[in-house]
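User: Got a minute to go through this model with me? I'd like to look at its pockets and its core.

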Amino acid sequence: MNPLPLLAVMAGALGAALVFRWVRVPLWPLTGGLVGAAAVNLGFGLAAEVPTAIALTGQLLIGTAIGATIGSEVFRQFLRIIGPGTLAVTVVLGAGLLFGWLFATAGLMDPAEAMLALIPGGVGEMVAAAIALDLDSAQVVGVQMVRILTVLLSLPLVFRVSEWIHRRWIAGPGGESPST
């Protein structure tokens, strides 16, 4: 295996991540890495493949970073939100399946690819499922990237609107919530 395409894609990922940090894009390491790697891979037609050991190491590091933040308080919070959280996940999954069905019905994508592309989940897991099912993984990853980037890039606006609603209708003129 020639390491040059992988090194070029990694350089593109790092470069875009640093630019995204400079312009203050939310989750700049993830969004910049994703956009930079894809831009170099597509722009130069490299078709670089990340070795399984590196991909697994990356997933392990992400899991470790998330798992290290979990303390005993998380389980108390979990018990409070299990009902509403299950409802939210069910609605989001249902919407993804509905849009997948609509995309398939409109002839935009194969039904199985549309489902994998439009339901929420990790890009790696959805693409791995597409590959295992012998589907077009490029379509799945393309739609998943659009979904993730749309969510991440819209977060600042969502947070500002949420803060404004909280100040305007929940906290009231004194700035404190009624429950405090």
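User: Which residues line the second largest pocket?

Analyst: This is a predicted model, to start with. The lining of the second largest pocket is made of V92, A95, G96, F99, F103, A117, L118, I119, P120 and R147. Two helices, α4 (72–105) and α5 (111–118), give two or more residues each.

User: Which helix gives the most to that lining?

Analyst: That is α4, with 5 residues.

User: And what is the volume of the second largest pocket?

Analyst: About 160 Å³.

User: How does its lining divide by class, nonpolar, polar and charged?

Analyst: There are 8 nonpolar residues, 1 polar and 1 charged.

User: OK, now the largest pocket. What volume does it have?

Analyst: About 2000 Å³. Its lining takes in 36 residues. By class, 26 of them are nonpolar, 8 polar and 2 charged.

User: Which residues lie nearest its centre?

Analyst: L34, A37, V50, V123 and G124.

User: Which helices supply at least two residues of that lining?

Analyst: The list is α1 (4–22), α2 (28–43), α3 (52–67), α6 and α7. The top giver is α2, with 8 residues.

User: You mentioned V123. What does V123 touch, beyond residues up to four places away?

Analyst: V123 touches V141, Q144 and I148. V123 and I148 also both belong to the largest nonpolar core.

User: How many residues does that core have?

Analyst: It has 9. They are L116, I119, V123, M126, V127, A130, V140, I148 and L152. Both α6 (123–132) and α7 (137–171) supply at least two of them. The most come from α6, with 4 residues.

User: So I119 turns up twice?

Analyst: Yes. I119 is in the core, and I119 also lines the second largest pocket.

User: Switching topic: where is M115?

Analyst: M115 sits in helix α5.

User: Is M115 buried or exposed?

Analyst: Neither label fits. M115 counts as partly exposed, because its relative accessibility is 23%, and buried would need under 20%.

User: What is M115 in contact with, leaving aside neighbours within four places?

Analyst: L97, G100 and W101.

User: How far is M115 from A53?

Analyst: Their C-alpha atoms are separated by 28 Å. Along the chain, M115 and A53 are 62 residues apart.

User: One last thing. Why roll a probe over the atoms?

Analyst: A probe the size of a water molecule shows where empty space is left.

Key: Residues are numbered from 1 along each chain as its sequence is written. This is a predicted model: local features need pLDDT of at least 70, side-chain atom pairs count only at pLDDT 80 or more; totals for chains, interfaces and linings use all residues. Side-chain values use heavy atoms; hydrogens and water are left out. A nonpolar core is a set of buried Ala, Val, Leu, Ile, Met, Phe, Trp, Tyr and Cys residues joined through side-chain atoms within 4.5 Å. Buried means under 20% relative accessible area, exposed over 50%, partly exposed in between (1.4 Å probe, protein chains only). Contact means heavy atoms within 4.5 Å. On a 1 Å grid over the protein atoms alone, a cavity is a set of points where a 1.4 Å probe fits but cannot get out, and a pocket is an open set with protein on both sides within 12 Å along at least five of seven lines; lining residues have an atom within 4 Å of a point. Grid points are joined across faces, edges and corners, and a volume is the space filled by probe spheres set on the points. Ala, Val, Leu, Ile, Met, Phe, Trp, Tyr, Cys and Pro count as nonpolar, Asp, Glu, Lys and Arg as charged, and the others, Gly among them, as polar.
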